[in-house]
Amino acid sequence: MATMAVVRACAPPAAAPAADATKRRKSSSARVLVLGGTGRVGGSTATALSKLRPDLSILVGGRNREKGESLAAKLGERSEFVQVDTRDASVLEKALQDVDLVVHAAGPFQREQKCAVLEAAISTKTAYIDVCDDTDYSWRAKGFHEQAKAAGVPAITTAGIYPGVSNVMAAELVHAARSENDCEPERLRFFYYTAGSGGAGPTILATSFLLLGEDVIAYNKGEEIKLKPYSGGLNIDFGKGVRMKNVYLLNLPEVKSAFKILGVPTVSARFGTAPFFWNWGMQAFANFLPVEFLRDKNKVLKLVQSVDPLVRAVDGIAGERVSMRVDLECSNGRSTVALFTHRKLSVSAGYATAAFVLAVLEGNTQPGVWFPEEPEGLSIEARKLLLQRASQGTINFVMNKPSWMVETDPKEVGLGIYV
């Protein structure tokens, strides 16, 4: 991406622009620009926003005018298409001039060296969220915290479904453990399952391949460790609608942010897909393709183009069910689970991202760049409403329950007693 303009040197004190911006963003005439709006995740985000808040003006930003105008027409008269190339700094800043919030869904984020959209948002004093799923990019974005704070700009990075909603689920488990159960969290594990590609398009496929070129960062009793991608397989019960699935280690940003922000000493994340042979394929790519190839974004994008037709064909059979399970173990032996399962990742990702958009518009985010689990990024009081919005359409949504209640479909016999 092209380098963006530096934040204005003479920015006014943070309090004044933050107050003005909050007042404007709460108004019913708020304008939201979704970059990558012609893609699967961006398009589903725009669609979810139009349903959750019909009063919003939604701008579908992208390079494909035909697709963008078609989606904008479906969203209603308050929507329009804006032709934007995120690699063109001047076009990007111009597009943000009259926008209250920008959603950066134009991935993949792997191997990107510039946070161009975030820089433009700070320069134009526009609220910002992204659906980044790359550890390096997310912490590069976090490096703009002081600039965003000085400009009065609220920004959340990794604000999608996973990472994003999964971070909030983890934060709620940790908060409950410390405040309600008086125990100290010791181990936090993220488990994800998606059938096929989840119907989320070639960008997600490219992300998966690019992650195979990264060492997995995990934490064990406070020590950072590096592991091989798509190793360490476990068979995990995702509850009703999914049940037992194999999952494997991947380098996902919520691991580092949860370790540093939530203060849990042991953290890891695993992912699995279906049909089962896709997992074999991922292991083969990780073991036999040169790391240099997997770290070359252009080569990976060409690989995606060649396998995408086959993936789409299998998707028609496998479906696009998605499930997230977050497990927390505490010092007193108590274990709790959060679970989220939806029939369609392409729909669920949109509602998850839209939930973060509304949280920012409603004034729940302080100026600065935050991760979803930080209370300054999403206030503790706002988490319940965000999860409620994000979980619309789920077939199974559970928070802060013992693992046996998720794994065995317990029956209530009365008076809150389960068997």
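**View 1. Ala 284 sits in helix H11, which covers residues 276-288.** This is a predicted model, so keep that in mind for every view. Is Ala 284 buried or exposed? Neither label fits: Ala 284 is partly exposed, because its relative accessible area is 31%, and partly exposed covers what lies between under 20% and over 50%. Now look for Tyr 230, which is 54 residues away from Ala 284 along the chain. Their C-alpha atoms are separated by 9.4 Å.

**View 2. Two cis peptide bonds, between Tyr 162 and Pro 163 and between Ala 274 and Pro 275.** Most peptide bonds are trans, which is a good reason to zoom in here. For the bond joining Tyr 162 and Pro 163, omega is about 0 degrees. Where is Pro 163 found? Look in the loop between strand S6 (154-156) and H8. Omega is also about 0 degrees for the bond joining Ala 274 to Pro 275, and Pro 275 has its place in the loop between S12 and H11.

**View 3. Helix H10 (residues 253-262) is mostly covered.** How many of the 10 residues of H10 are buried? The count is seven, and among them are Pro 253, Glu 254, Val 255 and Phe 259. The cover over these buried residues includes helices H6 (135-142) and H8 (165-179), along with strands S7 (185-195), S8 (216-220) and S12 (266-274). Just past the end of H10, Gly 263 has a positive phi of about 70 degrees.

**View 4. Lys 125 and Asn 400 each have a positive phi.** Most residues other than glycine have a negative phi, so this pair is worth a stop. Phi is near 55 degrees for Lys 125, a residue in the loop between helix H5 (116-123) and strand S5 (127-130). For Asn 400, phi is near 60 degrees, and this residue lies in strand S16 (residues 394-401). Lys 125 counts as partly exposed because its relative accessibility is 22%; Asn 400 is partly exposed at 22% too.

**View 5. The largest nonpolar core has 84 residues.** Which members touch the most others? They are Val 32, Leu 49, Val 165, Leu 188, Phe 190 and Leu 386. Helix H14 (residues 345-361) gives the most to this core, with 12 residues. Domain 1 (31-160 + 347-391) and domain 2 (165-345 + 394-410) each supply at least three residues. Zoom in on Val 165: beyond its neighbours within four places in sequence, its contacts include Met 324, Phe 340, Phe 356 and Leu 386. A second, separate core holds 30 residues, including Val 41, Val 82, Phe 109 and Tyr 137.

Note on methods
Residues numbered from 1 in each chain as written. Predicted model: local features only at pLDDT ≥ 70, side-chain atom pairs only at ≥ 80, totals over all residues. Heavy atoms only, no water. Core = buried A, V, L, I, M, F, W, Y, C linked by side-chain atoms within 4.5 Å. Buried < 20%, exposed > 50% of the residue type's maximum accessible area, 1.4 Å probe, protein only. Helix = DSSP H or I, 4+ residues; strand = E, 2+ residues; numbered from the N terminus. Domains from an automatic or database assignment. Contact = heavy atoms within 4.5 Å.
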